[in-house]
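Reader: Please take me through one part of this model, the surroundings of the ligand, and then the strand pairing that goes with it.

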Amino acid sequence: MTNNLKVIVIGGGHNGLVCASYLAKAGLSVQILEARDSVGGACAPIIDNNGNKLAGLAHASYGLNMQILKDLDLPALPIQLSLDTISLSEDGSHITFANNSVSGRKISERDSKSYRGFIEEFKKYSEALDVLTTNIPPRLKDMDWHDKKTLIKIGWNLRFGLGKKLMREFLRVGGINIFDVLNEKFDDPAIKGAIAFDAVLGHKMGPRTPNTVLSYLQKISFGENNSLCRSDNLSTLLEEKAKSLGVKILTNSKIDRIIIEDGICKGVKLESAEIFKSDLVISNADAKTTFLKFVGTEYLDAMFSHRVDSIRQEGAVARINLCLKALPKDQNLEGDKLFQRLIIAPDMQYVEHAFNHSKYGEYSDHPILEMIINRVEDRGPSVNSITATISASFAPYDLKGGWGKNRNLFVNRVFETIEKYIPGFNNLVKSYELLTPCDIEEQYNCVGGHWHHGEMGIDQSFMMRPVHGSAQYKTPCKNLYLCGASAHPGGGITGLPGHNAAKQIIRAI
Ligand SMILES: Cc1cc2nc3c(=O)[nH]c(=O)nc-3n(C[C@H](O)[C@H](O)[C@H](O)COP(=O)(O)OP(=O)(O)OC[C@H]3O[C@@H](n4cnc5c(N)ncnc54)[C@H](O)[C@@H]3O)c2cc1C
């Protein structure tokens, strides 16, 4: 490895911070240039128009992968921040998912047992795939020994880790959709609705879409060792860690172009025209922004540019930041329950119908929702109101007629929906802010404002993520790498793209 190389990381999202920290730890001189006024990307806290400090777009996560916590000596998210998932029901018979079990008034013994078995089975599948998630995805052509080693490990894990019977079952369910799998396993529509919700959250997919077993597996694989938590303070922790390792951070520094000379990446030019020269450039921005804007098609092979241009990355999740006059008083959400992760996805048909509208550029009158109300003690000194955050799924980027006049109508649909499950909610809303996928695109500098910086269909996953030709964090431009969610294994707060990219870079230099 060549020490003292100068590295520029474009973007200080959590993956940029993780990648930069690994590289600084390995002795490289690292500079992060971030367009926004703070680092953290989509997990940086949001200050609303009333000055309230709210969780970033990513308000609930399993936290960073355990290996990253260990390598960078970072604490796991504290247990006080952990969240149960409560799936709301109109008649108040909500169900709670906690510690790998499901409970609620109407849950049968059979379903409760099936749920434990289901989670156990799916955790085994995700363990078998773990080697793929935490490693550079192997090339299938021109393999080196790292690629061969990873492939052998995957094969071994599937065949001997799972055993013959479970491997066969994995191959069967992996190819179908979550809708069919859940119908085989459970009777209760609410259990099926809630699991289907998680399988499609952040994706433009419905429960009947192929690959939704894989998207669900991806979600639970990240939670292998951690429980679901509020993601508060994660970006601060990562920023402090990066700085302590010697990473320099400049905010309000928006990159305009990557400087390419003779096919080799030499540094970056900011929108302010300032130039930063470097030996390596690593982009935490999405693949479309990186290749089509920063590099430019004139430096890329036509087929490669076409593949990048064709990445499906129209966002489908809107964020609503809320100020409430008072906490909802609901006898079915007494005590701590109000502050858990509340979801509205009463059954799989409901989820599928909500998705169907988004296919035609519409939002549903019955959206699927995830809401987290802040605890009073979590609000911190700068917070002066009761706040909540909502992820509203299937809010299409390319809404028919545009978002302009539809903003209030959409938010009203969301509030009317919550009202059915938490009576009195509507009257408690003091103010709100809506971030549509178009707003997210603009404010977070990500084409399409997509949760994962690109859909996670099988054609855009693993050794095809983001596209063939840049799937191992390397790119067609020498000394330019990717380290964000558009690279394997995709989005969510895991740090894995940043970790895997650092591994690849350290191996390559
Ligand atoms: C509405 C919404 C809700 C979500 N909720 C959750 C959730 O609850 N849980 C969860 O786990 N995940 C959630 N996600 C997904 C998660 O936030 C992302 O997958 C994750 O943040 C990706 O991390 P990243 O570091 O790769 O990229 P980002 O967080 O997008 O960071 C990229 C950084 O690069 C910077 N950048 C881009 N272009 C430039 C430029 N020209 N110059 C300089 N800097 C630039 C950006 O400003 C940004 O700071 C959500 C996403 C959305 C959109």
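Author: What follows covers the ligand shell and then one strand with its partners. This is a predicted model, in which local features need pLDDT of at least 70 and side-chain atom pairs count only at pLDDT 80 or more, while totals for chains, interfaces and linings use all residues. Residues are numbered from 1 along each chain as its sequence is written, and side-chain values use heavy atoms, with hydrogens and water left out.

The ligand has 34 residues around it, and Asn 15, Glu 34, Ala 60, Trp 451 and Gly 492 come nearest; a residue counts as near if one of its heavy atoms lies within 4 Å. By class, 16 of the shell residues are nonpolar, 15 polar and three charged (Ala, Val, Leu, Ile, Met, Phe, Trp, Tyr, Cys and Pro are nonpolar, Asp, Glu, Lys and Arg charged, the others, Gly among them, polar).

Polar contacts are pairs of N or O atoms within 3.5 Å. An oxygen atom of the ligand lies 2.6 Å from a polar side-chain atom of Glu 34, and a backbone N or O atom of His 59 is 3.2 Å from an oxygen atom of the ligand. A polar backbone atom of Ile 255 sits 2.9 Å from a ligand nitrogen atom.

Now the strand. Strand E1 (residues 6-10) has four of its five residues buried, so it is largely enclosed by the rest of the structure; buried means under 20% relative accessible area (1.4 Å probe, protein chains only). Strands are DSSP runs of at least two residues, helices (H or I) of at least four, and two strands pair if DSSP finds at least two bridges between them. E1 runs parallel to strand E2 (residues 29-33), with five bridges, and Ile 8 has Gln 31 as its bridge partner there. E1 also runs parallel to strand E14 (residues 280-283), with four bridges; in E14 the partner of Ile 8 is Val 281.

Key: Polar contact = N/O pair within 3.5 Å; in protein donor to acceptor, adjacent residues only side chain to side chain. Buried < 20%, exposed > 50% of the residue type's maximum accessible area, 1.4 Å probe, protein only.
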